[in-house]
Amino acid sequence: MRDDATMRIVPVLQLLLVPTLGVAVRSPLLLMALPTLAWRFAADNHLYWSDHFHYNAVLMPILFAALIDGLRRLRGRQHTNVVVGCVIIALALTPWRPLWQ
């Protein structure tokens, strides 16, 4: 059985890192997201751990800036592969997380 911390942390990190294929982790800009993640994981409010509310609105600009910086740090044709992969993931997630809801 998974403990409470795992149930909080893993889904949020998946929702944040999967759309960038993990490339955002290559950037030190991602460190700016740590304070927000820390208070979300430390809080007892279960709404902080989902993607149904506005709590990711603070993190997403940081995440995509880190993605752009991470792409800059890649070499060769990896840029194109990562961008295509990110677009495919975004399109795949769109039916479950439409922008108009």
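Here are a few worked exercises on this predicted model.

**Exercise 1: salt bridges**

Find how many salt bridges the whole structure has, and work out which residues they link.

*Solution.* Start with the count: a search of the whole structure turns up two. Next, take them one by one. D69 and R72 pair up through their side chains, with an N to O distance of 2.7 Å. R73 also meets D69 in a salt bridge, this time at 3.0 Å, N to O. Put those together and you get a network of salt bridges linking D69, R72 and R73.

Now check the spacing. D69 and R72 are three residues apart in helix α3, so about one helical turn separates them. R73 and D69 are four residues apart in that helix, again about one turn.

Last, look at burial. D69 has a relative accessible area of 11%, so it's buried, because buried means under 20%. R72 comes in at 57% and therefore counts as exposed. R73, at 35%, is partly exposed.

**Exercise 2: the nonpolar cores**

Describe the largest nonpolar core, then say which residues a second core includes.

*Solution.* Size comes first: the largest core has 14 residues. Inside this core, V12, L16, L37, Y48 and L59 have the most contacts. Then ask where the residues come from: α1, α2 (34-42) and α3 (59-73) each give two or more. The largest share, four residues, is from α3.

Zoom in on Y48. Skipping neighbours within four places in sequence, Y48 contacts V12, W39, R40, A43 and Y55.

Finally, there's a second, separate core of six residues, with L71, L74, V82 and C86 among them.

**Exercise 3: a nonpolar patch on the surface**

Identify the residues behind the nonpolar surface patch of about 180 Å², and place two of them in the fold.

*Solution.* The patch is made by I9, V10 and L13. Locate them: L13 sits in helix α1 (residues 4-17), and V10 is in α1 too. For accessibility, L13 has a relative value of 31%, so it counts as partly exposed. V10 is partly exposed as well, with a relative accessible area of 31%. One more distance for V10: its C-alpha is 9.4 Å from that of W49, a residue 39 positions away along the chain.

**Exercise 4: a helix residue**

Decide whether T36 is buried or exposed, and list what it touches.

*Solution.* T36 lies in helix α2. Its relative accessibility is 13%, so T36 counts as buried. Leaving out residues up to four places away in sequence, T36 touches V58 and L59.

Definitions and conventions. Residues are numbered from 1 along each chain as its sequence is written. This is a predicted model: local features need pLDDT of at least 70, side-chain atom pairs count only at pLDDT 80 or more; totals for chains, interfaces and linings use all residues. Side-chain values use heavy atoms; hydrogens and water are left out. Patches are made of residues with over 30% relative accessible area and no salt bridge: like charges are joined within 9 Å, nonpolar side chains (Val, Leu, Ile, Met, Phe, Trp, Tyr) within 5 Å. Accessible areas come from the Shrake-Rupley method with a 1.4 Å probe; for residues, only the protein chains shown count as cover. A salt bridge is a side-chain nitrogen of Lys or Arg within 4 Å of a carboxyl oxygen of Asp or Glu. Buried means under 20% relative accessible area, exposed over 50%, partly exposed in between (1.4 Å probe, protein chains only). A nonpolar core is a set of buried Ala, Val, Leu, Ile, Met, Phe, Trp, Tyr and Cys residues joined through side-chain atoms within 4.5 Å. Contact means heavy atoms within 4.5 Å.
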